[in-house]
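Student: I would like to learn how to read a protein model feature by feature. Could you take me through one, giving the general idea before each case?

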Amino acid sequence: MKIHFICRGNVLRSLIAETYLRSLKLPNITVSSSGTNVDLDDPTERGYFASTIALFKRHGLEKYAKDTSHQLTQERADNQDITICMNQRVVDEAKSHATLPKNTISWDIVDIGEGNRTVPEDIRLYEEEIFAEIVTRVDELVKQLRLGE
C-alpha cells in the first residue's frame, strides 16, 4: 500500500507523518510526502527542515527521515492508495499543482503561523504539539486500516 502525506512546505507536518509511519516498519507499506509550496533555495525553509530533524532526534526517529523536501507534482500524486493532506488549506493549494485522488483525506492539523499557533516564542512547543497530533492520527490510521496485520 502506498501512502502519501501532503502539507505546505514539506518541512514539518507531512515530514513528521512520513517519518513516523516509516519508523513503524509496517510490511508492504510505502510512504512518501511532499509540499504545495517547497522552496529549497530559501534559508528559512532549510532552517525549518533542520529544526524538524532535531525534533526527530529528540524522539529517536532521525534515521527514518528523508534528507530533503519534495514539491508536490502530478507524478507524486498519482498511484497512491491513500493521500492525506494536513488540512483544508493544503487540499486547496494542492489542487493547483495536481489532480488529487477522489478519496483524498483532509486532516485538521494547524501549521505553525496559522490559527492558534502564531506566537513566535512558542515554535518548539508548537513542533511538539504537532508531532503529538500527527503521531495520534497516524496510529489511528494504522488501526483503522489494519496496516500492521
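The dialogue below goes through the sheet, an aromatic pair, the salt bridges and one serine.

Student: Before we begin, what kind of model is this?

Tutor: This is a predicted model, and the values we discuss are computed from it.

Student: Let us take the sheet, then: what is the order of its strands, and in which sense do they pair?

Tutor: With a sheet, one reads the strand order and then the sense of the pairing. Here the sheet is open and has 4 strands in the order β2-β1-β3-β4, with parallel pairing. At the edges stand β2 (30-35) and β4 (105-106), and because each has a single partner strand, one side of each is left without a neighbour in the sheet.

Student: Over how many bridges do β1 and β3 pair?

Tutor: Strand β1, residues 2-7, and strand β3, residues 82-85, run parallel to one another and pair over 4 bridges. Phenylalanine 5 gives a residue-level view of the pairing, since its bridge partner in β3 is isoleucine 84.

Student: How are aromatic rings read, and which residues form an aromatic pair here?

Tutor: A pair of aromatic rings is described by the distance of the centres and the angle of the planes. A search of the whole structure finds 1 aromatic pair, formed by phenylalanine 5 and tryptophan 107, whose ring centres are 5.9 Å apart and whose planes make an angle of 50°, so that the pair is classed as tilted, an angle over 60 degrees being needed for edge-to-face. Phenylalanine 5 belongs to strand β1, whereas tryptophan 107 lies in the loop between β4 and α5, and the pair therefore ties together parts that are 102 residues apart in sequence.

Student: Are phenylalanine 5 and tryptophan 107 buried or exposed?

Tutor: Both phenylalanine 5 and tryptophan 107 are buried.

Student: Turning to charged side chains, how many salt bridges does the structure hold, and where do the partners lie?

Tutor: For each salt bridge, one may ask for the N to O distance, the elements that carry the partners and their accessibility. The structure holds 13 salt bridges, one of which joins aspartate 111 and arginine 13 at 3.5 Å, N to O. Because aspartate 111 lies in the loop between β4 and α5 (123-145) and arginine 13 in helix α1 (residues 13-23), this pair ties together parts that are 98 residues apart in sequence. Aspartate 111 is buried, with a relative accessible area of 15%, and arginine 13 also counts as buried, at 1% relative accessibility.

Student: Which residue forms a salt bridge with arginine 58?

Tutor: Arginine 58 forms a salt bridge with glutamate 128, and their closest N and O atoms are 3.1 Å apart. Since arginine 58 lies in helix α2 and glutamate 128 in helix α5, the pair ties together parts that are 70 residues apart in sequence. Arginine 58 is partly exposed, at a relative accessible area of 46%, as is glutamate 128, at 27%.

Student: Which residues are linked in a network of salt bridges?

Tutor: The network links Arg8, Arg89, Glu93 and Glu114. Within it, the side chains of arginine 89 and glutamate 93 meet at 3.3 Å, N to O, and both residues lie in helix α4 (residues 88-94), 4 residues apart, or about one turn of the helix.

Student: Finally, which residues does serine 51 touch, leaving out those up to four places away in sequence?

Tutor: Serine 51 is found in helix α2, residues 43-58, and with that exclusion it touches Arg124 and Glu127. Serine 51 has a relative accessible area of 10% and is therefore buried, the cut-off being under 20%.

Key: Residues are numbered from 1 along each chain as its sequence is written. This is a predicted model: local features need pLDDT of at least 70, side-chain atom pairs count only at pLDDT 80 or more; totals for chains, interfaces and linings use all residues. Side-chain values use heavy atoms; hydrogens and water are left out. Helices (H or I, at least four residues) and strands (E, at least two) are DSSP runs, numbered from the N terminus. Buried means under 20% relative accessible area, exposed over 50%, partly exposed in between (1.4 Å probe, protein chains only). Contact means heavy atoms within 4.5 Å. Two strands pair if DSSP finds at least two bridges between them. A salt bridge is a side-chain nitrogen of Lys or Arg within 4 Å of a carboxyl oxygen of Asp or Glu. Rings of Phe, Tyr and Trp (its six-membered ring) pair if their centres lie within 6.5 Å; planes under 30 degrees apart count as stacked, over 60 as edge-to-face and the rest as tilted.
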